[in-house]
Every structure is written in structure tokens, then in C-alpha cells.
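Q: Could you take a close look at one helix crossing for me, and then walk me outward from there to the ring contacts and the chain as a whole? I'd like one connected answer.

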Amino acid sequence: MERKEEDDKKEKKEEEAVHLRRKIGLLPAVCFIIGTVVGSGIFIAPKGVLMNSGSVGLSLLVWGLCGVFSLFGALCYAELGTTFKKSGGHYTYLLETLGPLPAFLRLWVEFLFVRPAVACFVSLAFGRYVVEPFYAPCAAPTVLIKLVSILGVTFVVAVNCYSVTMATRTQITLTFIKMFAMVLIIIPGVIALAKGKTENFQNGFEVDLLTLDRLPLAFYNGLYAYGGWFYLNFITEEVINPNRNFPLAIMFSMVTVTVFYVLVNVAYYTMMTPTELLLSDAVAVTFADRALQGMASVIPVLVALSCLGALNGGFFGSPRMLFVGAREGHWPPIFSMIHIRRHTPLPAVLFLYPMVMLILINGEIYQLINFTSFARWFFIALTTMGMLIHRYRFPLYPRPFKVPLVIVVTFTVVCFFIVVLSLYSDPWNTGWSCALTLTGIPVYYLTVYRFRLPHRWRRIFSES
């Protein structure tokens with residue numbers, strides 16, 4: 001009897017302990033991936049893909065290949081998520097496979113510029129789609145767009161600070177809204193295509209405007225639109241039965257997104273010429289004016305809500321990386337703390353807010369994609385390379401879900417190829433991205449690995 005009471009007390013203590021709870025099942029996991037992937041990219045990036053690919057046919061091929069490539073990466077991360085059942089995504093896997101320095105550098109660039117820049121990009125798209133319909137056909141004031149963007153970021157931060165359940169429900173609702181928005185674009189495009197409106201697809205593979213140095217930038221824009229397939233790995237500790245739900249959620253989500261993305265682009269080209277698409281800063285709005293005259297005002301609202309969903313997914317997942325980094329001693333301990341009642345990583349979420357505000361004031365929307373893509377894909381390549389090394393060193397390590405070797409090798413090689421080629425295509429932005437990444441090395445040795453410094457220096461930093 002006494003032993004039973006002790007066991008009951010122990011279970012009660014574990015339930016009352018402050019930690020991240022497993023509350024995310026298969027449907028929320030699918031909605032989390034789709035809701036984070038489908039944001040502003042499909043409504044803005046088509047311009048960047050077409051601009052850098054040079055033809056309609058090649059741009060559609062880029063969209064399809066980006067989807068397959070992202071699926072390969074997502075499957076690799078499904079293996080990592082079921083092998084290492086800790087939250088933190090890239091950071092955790094680099095720490096487990098390649099060691100603390102690469103993991104710290106990933107943490108450093110994520111919160112120094114990658115996450116704030118990506119959040120800035122999405123929030124600016126949100127602000128643009130909210131404001132522009134009120135000023136059409138004139139240009140909307142930039143200050144007002146940024147003000148609405150700030151309000152959107154503030155709302156998302158407040159939701160993620162308040163409750164995990166509220167953030168999850170918000171994500172599910174916004175995911176269904178954005179899927180409805182894509183269906184609303186696809187249907188009139190497919191109907192027009194069935195009626196024979198194919199003039200924009202004739203001579204679709206003209207390569208006169210194609211240059212090899214710009215093609216990687218087309219893939220960067222396409223891959224940016226698919227970005228977010230790895231965010232479920234940031235919240236591994238909150239997913240129910242990850243061995244089952246990880247692979248299922250990833251495969252269903254990425255196949256669905258790829259099919260929808262290709263169909264949306266087909267619909268764009270059915271109703272708009274390539275020149276018209278390149279002249280448009282808000283492709284979905286231009287499309288709505290042509291194809292959905294009675295509902296043209298609805299599309300900007302739906303796209304804005306889609307951007308809000310991607311923003312919510314980013315602010316839900318990314319702070320978990322900072323939370324785990326602080327827990328491992330790579331960031332100040334305050335960021336490993338969880339709100340005692342709400343069970344949200346409050347300090348980690350709030351840390352991002354001023355960083356996003358800082359970048360939101362300045363920054364050209366297309367340059368932000370190229371600026372962040374180098375660091376993001378470099379560390380993704382390192383992560384999957386680390387997975388290969390871990391497989392070789394620990395062949396008997398339990399892996400509930402294992403990806404074929406050819407997929408892992410192909411994905412890793414292509415990642416490194418894109419990274420190297422981007423240095424040639426856009427040396428200025430990628431050079432700055434590389435330089436900012438390297439600034440994390442002295443920070444690591446001054447703060448995390450201080451005992452490797454000379455004794456005199458170590459004493460100075462210890463006293464400070």
C-alpha cells in the first residue's frame with residue numbers, strides 16, 4: 001500500500017515537472033510542416049525562379065526538382081529525428097555527429113541573422129498583402145507595410161508566449177486556410193488550361209536567357225519556398241510517438257506541397273505571360289485580378305493569413321533550438337527556462353523579437369533570400385554529412401527509420417554543390433553570410449570553450 005502511494009506521488013511529480021510536453025499528434029505535425037512550408041514563398045518566389053531560370057518550362061522543372069530535393073532532405077531528417085529524440089533540429093544533430101563547434105556555429109548564425117531575416121521576409125510579405133489592396137493600383141507606402149509587418153510579428157510572438165496549445169490550434173487553422181487559397185488559384189488555372197489556353201507554354205524551354213551562374217539562384221528561390229520541412233525536428237520532444245509520426249507526417253506533407261506548388265505555378269502561367277509575372281511584386285494578387293474578378297479582394301487576405309501561418313510555425317519551432325542550445329551550455333542559461341504554468345520556452349521566443357525588428361527596418365526582400373540561403377544550406381549539408389559519418393562509426397546504433405544510402409549521398413552532394421556554386425553566382429551576399437558565420441568561432445572559444453584559452457586570457461574572461 002505504501003509502495004503504491006509512493007509510485008503515485010512519483011508519477012504526480014513527473015506530471016507536475018516543468019518540461020516540454022508531448023502534445024503534437026499526426027494531424028498537428030502534418031499541419032505544422034505544411035503550415036510552415038507554405039508561406040510567402042509560393043506567392044512571391046515565382047518571380048525569382050522565372051527571372052533566374054529564363055523560361056516557363058525550366059522554371060516549372062525547377063519547382064518540381066526543388067520539391068523532390070526537399071523530400072529527400074526531409075526523409076534524411078526523419079531518420080535523424082527518430083535516431084536522436086531530442087528537440088533542436090540541426091543543432092542537436094551536429095552536436096551528436098560532428099561535435100560542439102559546428103553545432104554552436106549553427107546556433108550562432110540561426111539567431112544572428114538567418115531566423116530574423118527569414119521572419120522579416122515573411123512578415124514583409126504579410127504586410128504587403130494586407131496593405132496593397134487598399135492602395136491599388138498605386139504603390140503602397142513602405143512605412144505602412146512595415147508597420148503592419150511589425151503588428152503581425154507581435155501577434156505571433158504573443159501567441160507563442162501564451163500557450164503551446166493555442167499556437168498549435170492557430171497553426172492548424174491557418175494551414176487549412178492556406179490550402180484553400182492554393183485551391184482557389186489552381187481551379188481557374190486548370191479550367192482555363194483545359195479550354196486550350198496554352199499560349200504561354202509554347203516554346204516553354206527556350207534557353208536564350210539562361211546563364212549557368214544564375215541557375216543556382218533560381219533553385220535558391222524555389223528551395224526557399226519549400227523551406228520549413230525541417231521544422232518538425234525542432235520540436236521532437238513534443239511529438240507523440242515520433243518513430244511513427246515523423247516519417248508519416250514528412251512524406252505526406254512534402255508530396256502534398258510539391259503537387260500543389262507545381263499546379264499553382266501552372267495556373268499562374270495559364271493566366272499571365274512571363275513578362276507580366278516578372279513585373280508583379282505580388283503575383284497572387286495579379287493572378288486574382290485576371291482570373292477571380294469577383295473574388296479578387298479575397299486572395300490578398302488569404303495570402304496574408306498564409307504568411308502569418310508560416311511566421312507562426314517559425315516562431316514555434318526555432319526558439320526550441322535556442323532552448324536546447326542553452327540547455328547544453330552553448331547559450332546563456334536563462335534561455336533554457338520554461339514558463340512554469342504555460343510550458344512555453346518564453347525567454348527563447350522573446351529573444352527573437354528585437355532581432356526581427358532590427359532587420360525589419362532595413363533589408364531588400366530578394367537579397368534576404370540569397371543572404372540567408374548560403375548559411376542554411378551549408379549547415380544542412382553538414383548535418384546530413386554528419387549522419388553519414390555517424391552511420392559509419394556506429395553501424396549498430398538503433399535507427400527506427402532508415403533512409404536508403406543513395407538518397408542521403410545525393411542530397412548531401414547536391415547541397416554542397418549549390419553552396420559552392422552560390423559563391424560564384426552571388427559572391428557579395430554569400431561572402432557576407434560566410435564571414436558572419438565565421439565570427440562565431442572566436443565567440444565559441446571565448447564563451448563556451450574558455451579553458452582552451454591561455455591562462456591569462458581565461459582569467460580576464462572569468463573575472464568579467
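A: In this predicted model, the axes of helix H13 (residues 298-327) and helix H14 (residues 346-361) come within 8 Å and cross at roughly 110 degrees. That angle makes H13 roughly perpendicular to H14, since angles of 65 to 115 degrees fall in that class. The handedness of the H13 and H14 crossing is right-handed. If you would like to select the interface yourself, H13 brings Phe315, Ser318, Pro319, Leu322 and Phe323. On the other side, H14 answers with Ala348, Val349, Phe351, Leu352 and Val356.

While you have that part on screen, have a look at Arg320 and Phe316. Arg320 lies over the face of the Phe316 ring, at 4.2 Å from the ring centre.

A second crossing makes a handy companion to this one. Helix H2 (residues 26-37) and helix H8 (residues 164-194) have axes that come within 9 Å and cross at roughly 60 degrees. H2 and H8 are therefore oblique to each other, and their crossing is left-handed. From H2, the residues in contact are Pro28, Cys31, Phe32, Ile34, Gly35 and Thr36. They meet Thr168, Gln171, Ile172, Thr175, Phe176, Lys178 and Met179 in H8.

Now for the rings. Counting pairs with centres within 6.5 Å, the model holds 29 aromatic pairs. One of them joins Trp229 and Phe411, with 6.0 Å from centre to centre and 80 degrees between the planes, an edge-to-face arrangement. Trp229 sits in the loop between helix H9 (215-226) and helix H10 (242-271), while Phe411 belongs to helix H16 (residues 405-425), so this pair ties together parts that are 182 residues apart in sequence. Trp229 counts as buried, at 0% relative accessibility, and Phe411 is likewise buried at 0%.

Another pair to inspect is Tyr268 with Phe287: their ring centres are 5.8 Å apart and their planes are at 70 degrees, so this pair is edge-to-face. Tyr268 lies in helix H10 and Phe287 in helix H12 (residues 283-291), so the pair ties together parts 19 residues apart in sequence. Both Tyr268 and Phe287 are buried.

Coming back to Trp229 and Phe411, you can follow them into a cluster linked by ring pairs. Its members are Phe69, Tyr77, Phe84, Tyr93, Trp229, Phe230, Tyr231, Phe234, Trp377, Tyr397 and Phe411.

The loop between H9 and H10 that holds Trp229 also holds Asn241. This residue is worth a click if you check backbone torsions: Asn241 has a positive phi of about 45 degrees although it is not a glycine. With a relative accessible area of 40%, Asn241 is partly exposed, whereas Trp229 is buried.

Finally, let's step back to the chain as a whole. The chain has 19 helices and zero strands. Of its 464 residues, 57% are buried. Among contacts with a separation of 6 or more, 83% come from residues 24 or more positions apart. The Trp229 and Phe411 pair, bridging 182 residues, gives you a concrete example of parts far apart in sequence being tied together.

Terms used. Residues are numbered from 1 along each chain as its sequence is written. This is a predicted model: local features need pLDDT of at least 70, side-chain atom pairs count only at pLDDT 80 or more; totals for chains, interfaces and linings use all residues. Side-chain values use heavy atoms; hydrogens and water are left out. Rings of Phe, Tyr and Trp (its six-membered ring) pair if their centres lie within 6.5 Å; planes under 30 degrees apart count as stacked, over 60 as edge-to-face and the rest as tilted. Helices (H or I, at least four residues) and strands (E, at least two) are DSSP runs, numbered from the N terminus. Buried means under 20% relative accessible area, exposed over 50%, partly exposed in between (1.4 Å probe, protein chains only). A charge sits over a ring if NZ of Lys or CZ of Arg is within 6 Å of the ring centre and within 35 degrees of the ring normal. Axes are lines fitted to C-alpha atoms, for helices over the stretch in contact, and angles run from 0 to 180 degrees between N-to-C directions. Angles under 35 degrees count as roughly parallel, over 145 as roughly antiparallel, 65 to 115 as roughly perpendicular and the rest as oblique. A crossing is left-handed if the near helix is turned anticlockwise from the far one by less than a right angle, and right-handed if clockwise. Contact means heavy atoms within 4.5 Å.
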